[in-house]
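Me: Could you take me closely through one part of this model, the smaller of its open sheets, and then follow the chain outward from there to whatever surrounds it? I would like the argument kept connected, with the reasoning shown where there is some.

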Amino acid sequence: MTAVTHRDLVLDVTGLGKTFHSRAGGAHEALRDVSFSVERGSCLAVVGESGSGKTTAARIVAGLETATEGSVELASAGSGCGVQMVFQDPYGSLDPRQAIGAGLHELLRVHGMRRKADRADRVAELLDSVGLDERHTAHHPRSLSGGQCQRVAIARALALEPTLLILDEAVSALDVSVQAQVLNLLADIRERTRITYLFVSHDLGVVRQVSDTCVVLRKGQIVEQGRTIDVLDSPQQPYTQALVDAVPRPGWQPRRRSG
Ligand SMILES: Nc1ncnc2c1ncn2[C@@H]1O[C@H](COP(=O)(O)OP(=O)(O)OP(=O)(O)O)[C@@H](O)[C@H]1O
């Protein structure tokens, strides 16, 4: 048995900085000196309030945005494709004109799977891995629920066997019960495949459930990082404490106004 050693990092981000420049000549520093790493098979959550820089950090790691400073090192992917990303809007990430099965076939074909029979096997396997089946291949996105669409988006991301899967508010648009199903699915996939997750979320309840470690961003800078359970159970910084306090706990009642 090989233990996950400290050196078995899938992602190592060092000193990341990003400044956006507007046409009018203004500058906005979205990230400053952000460093974190993720061990193979683990899940790192990036948390923080709206505008703290979570998506910018994720997009830089995915190669969709360039950093102004710093470096992103990603473990080599073997036969897979490195990084894939799943976004918040399940419908927006799928082609509305294409049936689910045809979309997956095309994706696999473009990535070099020539034989139709091989693709059909892989499509069945991928749908099965996200709790869908043959019946869903003929569906178009609009005839699926939000949760089913997000499962398809995850299947498409997994099709390319990424080393790292970035989930940017990937369950935020779903109802709580559907959210729980997709989170369980992500946990199952991680157990089966040892895939690594970078999980961007403003929802600390979800973050507590899915992640091993977390990074707390505020105005583009890391204010706290460590094991999720430690950070959320005993936050060292007032900002983190305020985020934790904002999460309703079991038994929480909305305050009623008297009179
Ligand atoms: N392309 C861009 N051009 C200019 N400013 C940008 C751009 N993208 C993001 N920003 C700014 O950078 C800051 C960080 O944005 P980012 O989307 O990374 O935050 P976030 O934490 O993901 O927020 P949210 O949860 O609302 O998506 C914000 O002030 C945002 O307005």
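Reply: Two strands count as paired here if DSSP finds at least two bridges between them. With that in hand, and bearing in mind that this is a predicted model, the sheet you ask about is an open one of three strands, in the order β2-β1-β4, with antiparallel pairing. Strands β2 and β4 (69-74) stand at its edges, and because each has a single partner strand, one side of each is left without a neighbour in the sheet. From one strand to the next, the twist averages 15°.

The pairing of β1 with β4 can be followed residue by residue. Strand β1, residues 9-21, is joined to β4 by five bridges, and the two run antiparallel; within this pairing L11 stands opposite L74 in β4. In a regular strand, side chains alternate between the two faces of the sheet. Helix α1 lies across β1, β2 and β4, and its direction runs at about 120° to β1.

That helix leads directly to the ligand. The residues surrounding the ligand are F20, H28, A30, G48, S50, G51, S52, G53, K54, T55, T56 and H202. Both β2 (27-39) and α1 (54-62) supply at least two residues of this shell, and α1 gives the most, with three residues. Sorted by class, the shell has two nonpolar, nine polar and one charged residues. Thus one edge strand of the three-stranded sheet, β2, is also a contributor to the ligand shell, as is the helix that lies across that sheet.

Beyond this part there is a second open sheet, of six strands, in the order β5-β6-β7-β3-β8-β9 and with mixed pairing. Its edge strands are β5 (83-86) and β9 (221-227), each of which pairs on one side only, and the twist averages 15° from one strand to the next. Helix α8, residues 238-245, packs on this sheet, where it touches β3 (43-47), β8 (213-218) and β9, its direction making about 70° with that of β9.

The mixed character of the six-stranded sheet becomes clear when its pairs are taken in turn. Strand β6 (residues 164-168) and strand β7 (residues 196-200) pair in the parallel sense over five bridges, and the bridge partner of D168 in β7 is V200. Strands β3 and β8 also run parallel, joined by four bridges, with L44 having T213 as its bridge partner in β8. By contrast, β8 and β9 pair in the antiparallel sense over six bridges. T213 takes part here too, standing opposite R227 in β9, while R218 has Q221 as its bridge partner in β9. The hairpin of β8 and β9 has two residues between the strands, and K219 there takes a positive phi near 45°.

Two buried leucines are worth following outside the strands. L94 is found in the loop between β5 and α2 (100-110), and L94 is buried because 20 other C-beta atoms lie within 10 Å, the cut-off for burial being 20 or more such atoms. Leaving aside residues up to four places away in sequence, L94 touches G103, P141, C149, V152 and A153. The C-alpha atoms of L94 and R156 are separated by 9.5 Å, although the two residues are 62 residues apart along the chain.

The second leucine, L158, has its place in helix α4. Helix α4, residues 146-159, has 14 residues and reaches 20 Å from its first C-alpha to its last, close to the 20 Å expected at 1.5 Å a residue. Most of α4 is covered, since 13 of its 14 residues are buried. L158 itself is buried, with 20 other C-beta atoms within 10 Å. Not counting residues up to four places away in sequence, L158 touches L126 and S129; L158 and S129 are 29 residues apart in sequence and 9.2 Å apart in space, C-alpha to C-alpha. Following α4 comes E161, whose phi is positive, near 45°.

Definitions and conventions: Residues numbered from 1 in each chain as written. Predicted model: local features only at pLDDT ≥ 70, side-chain atom pairs only at ≥ 80, totals over all residues. Near = placed C-beta within 6 Å. Nonpolar A, V, L, I, M, F, W, Y, C, P; charged D, E, K, R; others polar. Axes fitted to C-alpha atoms, helices over the stretch in contact; angles between N-to-C directions. Contact = placed C-beta atoms within 7 Å. Expected span 1.5 Å × (residues − 1). Buried ≥ 20, exposed ≤ 12 C-beta atoms within 10 Å, placed from the backbone.
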